[in-house]
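I opened this one to see who touches whom, and kept notes as I went. The entries follow in the order I looked things up.

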Amino acid sequence: MMRFILPLVAFIVLVVFLAKGLFLHPHEVPSPLIDKPAPGFSLPRLDLPAKKFSPADMKGKVWLLNVWASWCESCKDEHPVLLDLAGQHQVAIYGLDYKDKPADAKAWLNTAGNPYTLVAQDADGRVGIDYGVYGVPETYVIDKQGIIRYKQIGPITMQNLRSIILPMVHKLEKES
Amino acid sequence: MRKLLAVMLLGLLPLYAQYAHAEQVKDMAQDLAEHPIKDPAVEKRLINLSQKLRCLVCQNESLASSHAELAEDLRRQVREMIEKGMTDKQITDYLVARYGDFVLYDPPVKETTLLLWYGPFGLVLVGMAVLFYQLRKRRRLIKEPELSPEAHHRAAALLNDEEDNQA
């Protein structure tokens, strides 16, 4: 009897591991920035390049930093979700226009609608590197103390907006 | 007919290889034109270091060989850090702080990577223990065949015969 049970158990263990491996997302690399202060920067605004935006301005607020670009195709898939979220007025979305031409970015927002409270231009992608961006779109949930609490790699969907991001925002709103 | 087609396609392979190589040379030349080498020592360190770092976009390509735009930006950043006189350790720490241990092709030994580093040795030990146990069990199963007195006689006779022949 043992003759058959042992290989069967070994086979089942192997299948469990392989099945688990099948549902991993190797492209989602966990960010070391979670629970760390959001890196500081001071970048020109897309609408008023003479004025700068800095995350320090956001102290005391829960906000989303959405890294996007007009050349990014999956950002276009995400765009309706952001517009919907902006319409709900639950949390402010700030954009980081990553390695983009300001004219292209403005044209895109004019035609598709603008979900952002404000957009900062990261023309050469240096701030993106500080935030560990490796594939736009990426979204950071930042708390009142300026700490990154969650990072979404890839487009936000209605589903993870409802199940992860909004509950997190509501929880953070209650913190001081 | 099918064979002929296969041979023809195979014949085209070197052409493709040459084309790919030419493209690569062109890329390198373009890269050089955009960033002229100021200091060969810096470039050498950059290549050395970026071979040990992973490109996060292509994941199985090093930062040295990747054409992804992020890889170019990161090489630029690393080049600037080398020029500033930062040590290799400082530079890798900078990247790990932003992208995690995943950027290193050589993951550090720590709590979460113990299984990765020592798991294979553990598996070898388990395998050896199983092998040892099985071999011992088998040895116990093999019985020495007992010879009947008759067989003994025959064996002795044969052995004697052989000795006689040799003499």
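**A:S74.** I started with the contacts of A:S74, setting aside neighbours within four places in sequence, and found A:V136, A:P137 and A:P155. This is a predicted model, so I read everything below as computed. A:S74 sits in helix 2 of chain A, which covers residues 73-88. Is A:S74 buried, exposed or partly exposed? I get 27% relative accessibility, so A:S74 goes down as partly exposed; the cut-off for buried is under 20%. I also checked A:S74 against A:A120: the two are 46 residues apart in sequence, and their C-alpha atoms lie 20 Å apart in space.

**Core.** Next I went for the largest nonpolar core, which has 72 residues. Which residues have the most contacts inside it? They turn out to be A:Y131 and B:Y99. I listed what A:Y131 touches, again leaving out residues up to four places away in sequence. Among the partners are A:L33, A:F41, A:L65 and A:I148, with two prolines, A:P39 and A:P55, and also A:K151.

**Chain B on its own.** I counted six helices and zero strands in chain B, so its element string, read from the N terminus, is simply α-α-α-α-α-α. Chain B has 167 residues, and 22% of them count as buried. For contacts in chain B with a separation of 6 or more, I find that 47% are between residues 24 or more positions apart.

**Interface, area.** How many residues of each chain take part in the contact between B and A? I get 17 from chain B and 16 from chain A. The two chains bury about 1,400 Å² between them, and carbon and sulfur atoms account for 49% of that. On the chain B side, I noted that B:Q59, B:R98 and B:Y99 supply 35% of the area buried against chain A, more than any other three residues. B:Y99 was already in my core entry, as one of the residues with the most contacts there.

**Interface, pairs.** I then looked for charged and polar pairs across the boundary. Between chain B and chain A there are four salt bridges, and seven residue pairs are in polar contact, counting pairs with both residues at pLDDT 80 or more. One of the salt bridges joins B:D73 to A:K99, with the closest N and O atoms 2.4 Å apart. Helix 3 (69-83) and helix 4 (88-99) of chain B each put at least two residues on the side that touches chain A. Helix 3 gives the most, with seven residues. By class I have nine nonpolar, three polar and five charged residues on that side of chain B.

**B:Q77.** I picked out this residue in helix 3 of chain B. What does B:Q77 touch, apart from residues up to four places away in sequence? I find A:R126 and A:I129 in the other chain, and B:Y94 in its own. The B:Y94 pairing includes a side-chain polar contact of 2.8 Å. B:Q77 counts as buried because its relative accessibility is 9%, and the limit is under 20%.

**Salt bridges, whole structure.** My search over all chains gives 15 salt bridges. In chain A, the side chains of A:R149 and A:D143 meet at 2.7 Å, N to O, and both residues are buried. I followed that pair outward and found a network of salt bridges linking A:D35, A:D143, A:R149 and A:E175.

In chain B, I looked at B:K89 and B:D93, whose side chains meet in a salt bridge at 2.8 Å, N to O. Both lie in helix 4 of chain B, four residues apart, about one turn of the helix. B:K89 is exposed because its relative accessible area is 55%, and the limit is over 50%. B:D93, at 39%, counts as partly exposed.

My last pair was B:D101 with B:K110, a salt bridge of 2.7 Å, N to O. B:D101 is partly exposed at 25% relative accessible area, and B:K110 is partly exposed at 38%.

Key: Residues are numbered from 1 along each chain as its sequence is written. Chains are lettered from A and ligands numbered from 1 in the order in which they are written. This is a predicted model: local features need pLDDT of at least 70, side-chain atom pairs count only at pLDDT 80 or more; totals for chains, interfaces and linings use all residues. Side-chain values use heavy atoms; hydrogens and water are left out. A nonpolar core is a set of buried Ala, Val, Leu, Ile, Met, Phe, Trp, Tyr and Cys residues joined through side-chain atoms within 4.5 Å. Buried means under 20% relative accessible area, exposed over 50%, partly exposed in between (1.4 Å probe, protein chains only). Contact means heavy atoms within 4.5 Å. Buried area is the accessible area (1.4 Å probe) that two parts lose on being put together, summed over both. A polar contact is a pair of N or O atoms within 3.5 Å; within protein, one must be able to donate a hydrogen and the other to accept it, and residues adjacent in sequence count only if both atoms are side-chain atoms. Ala, Val, Leu, Ile, Met, Phe, Trp, Tyr, Cys and Pro count as nonpolar, Asp, Glu, Lys and Arg as charged, and the others, Gly among them, as polar.
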